Amino acid sequence: MTGFVAAIVTVIMAAGAAATPHPGKVMLFKDWSVGCDNMLRCEAVSLPTDVQEPGQLQMTILRDGGRSGELKLLLTGFGTGPDRYRLVVDRKLVDTGAIVAGADKIEIAGPDAVKVAKALAAGNMLKMQDGA
């Protein structure tokens with residue numbers, strides 16, 4: 001995962017701007033689909049595995065365009081039981097937070113999103129655990 005996610009994070013973290021947004025080329029990196037527009041608003045979406053498993057975690061990495069575009073991570077596909085989550089990359093805790101009752105996604109933004117993205121780029125395995 002190290003090389004592919006590092007490439008994805010590099011594309012998404014790039015800065016720049018143009019006048020009017022126009023979609024760019026969509027690229028595939030192993031199990032990720034990545035696309036940016038000419039204003040460098042980028043989106044990377046984890047692709048599902050060949051075998052769909054219940055509770056299979058899906059991640060979307062978003063970066064707003066422009067020089068100061070905010071990075072956001074969206075997580076979906078998790079069970080709705082716990083009220084907190086823990087994100088672990090290669091057995092190291094990288095983020096934890098609350099899950100709103102009945103929510104179908106978790107959004108991580110700002111410095112926490114950057115921290116998780118960097119851990120993903122350097123790591124091999126992401127797991128989401130109950131946040132007890």
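Trainee: Which residue of β3 is the bridge partner of Ser33?
Mentor: In this predicted model, Ser33 has Val45 as its bridge partner in β3.

Trainee: How do you know that strands β2 and β3 pair, and in which sense?
Mentor: Two strands count as paired when at least two bridges are found between them. Strand β2 (residues 32-37) and strand β3 (residues 42-46) have five bridges, in the antiparallel sense. The strands therefore meet the requirement of at least two bridges. Cys36 also has a bridge partner in β3, namely Cys42. In the hairpin of these two strands, four residues lie between them, and Leu40 takes a positive phi near 65°.

Trainee: How many bridges support the pairing of β1 with β2?
Mentor: The antiparallel pairing of β1 and β2 rests on five bridges. Val26, for instance, is bridged to Gly35 of β2. Two residues separate the strands of this hairpin, where Lys30 has a positive phi near 50°.

Trainee: What makes the link between Cys36 and Cys42 a disulfide?
Mentor: The S to S distance of Cys36 and Cys42 is 2.0 Å, and the cut-off is 2.5 Å. The pair therefore qualifies as a disulfide, and the structure holds one disulfide. In general, such a link is a covalent bond between the sulfur atoms of two cysteines.

Trainee: Why is the disulfide of Cys36 and Cys42 called right-handed or left-handed?
Mentor: The torsion about its S-S bond is about 110°, so the disulfide is right-handed. Both Cys36 and Cys42 are buried.

Trainee: Is β2 enclosed or open, and how do you know that?
Mentor: Six of the six residues of β2 are buried, so the strand is largely enclosed by the rest of the structure. Trp32, Val34 and Cys36 point one way from β2, whereas Ser33, Gly35 and Asp37 point the other way. In general, the side chains of a regular strand alternate between the two faces of the sheet.

Trainee: Why is Pro23 called buried, partly exposed or exposed?
Mentor: Pro23 has a relative accessible area of 79%, and exposed means over 50%. Pro23 is therefore exposed. This residue belongs to strand β1. Apart from neighbours within four places in sequence, Pro23 is in contact with Cys36 and Asp37.

Trainee: How do you know that Arg41 and Glu43 form a salt bridge?
Mentor: The N to O distance between the side chains of Arg41 and Glu43 is 3.6 Å, and the limit is 4 Å. The pair therefore counts as a salt bridge, and the structure holds one salt bridge. Arg41 is partly exposed at 35% relative accessibility, and Glu43 is partly exposed at 32%.

Trainee: What makes β1 and β8 the edges of the sheet?
Mentor: Six strands form an open, antiparallel sheet in the order β1-β2-β3-β4-β5-β8. β1 (23-29) and β8 (105-109) each have a single partner strand, so one side of each lacks a neighbour in the sheet. Neighbouring strands are turned by 15° against each other on average, direction ignored. Helix α2 (residues 110-122) packs on the sheet, touching β4 (58-63), β5 (71-76) and β8.

Trainee: Which residues have the most contacts inside the largest nonpolar core?
Mentor: This core has 22 residues, and those with the most contacts inside it are Trp32, Ile61, Leu87, Ile106 and Ile108. Elements giving two or more residues include β2, β4 and α2. The largest share, five residues, comes from α2.

Notes
Residues numbered from 1 in each chain as written. Predicted model: local features only at pLDDT ≥ 70, side-chain atom pairs only at ≥ 80, totals over all residues. Heavy atoms only, no water. Buried < 20%, exposed > 50% of the residue type's maximum accessible area, 1.4 Å probe, protein only. Axes fitted to C-alpha atoms, helices over the stretch in contact; angles between N-to-C directions. Contact = heavy atoms within 4.5 Å. Core = buried A, V, L, I, M, F, W, Y, C linked by side-chain atoms within 4.5 Å.
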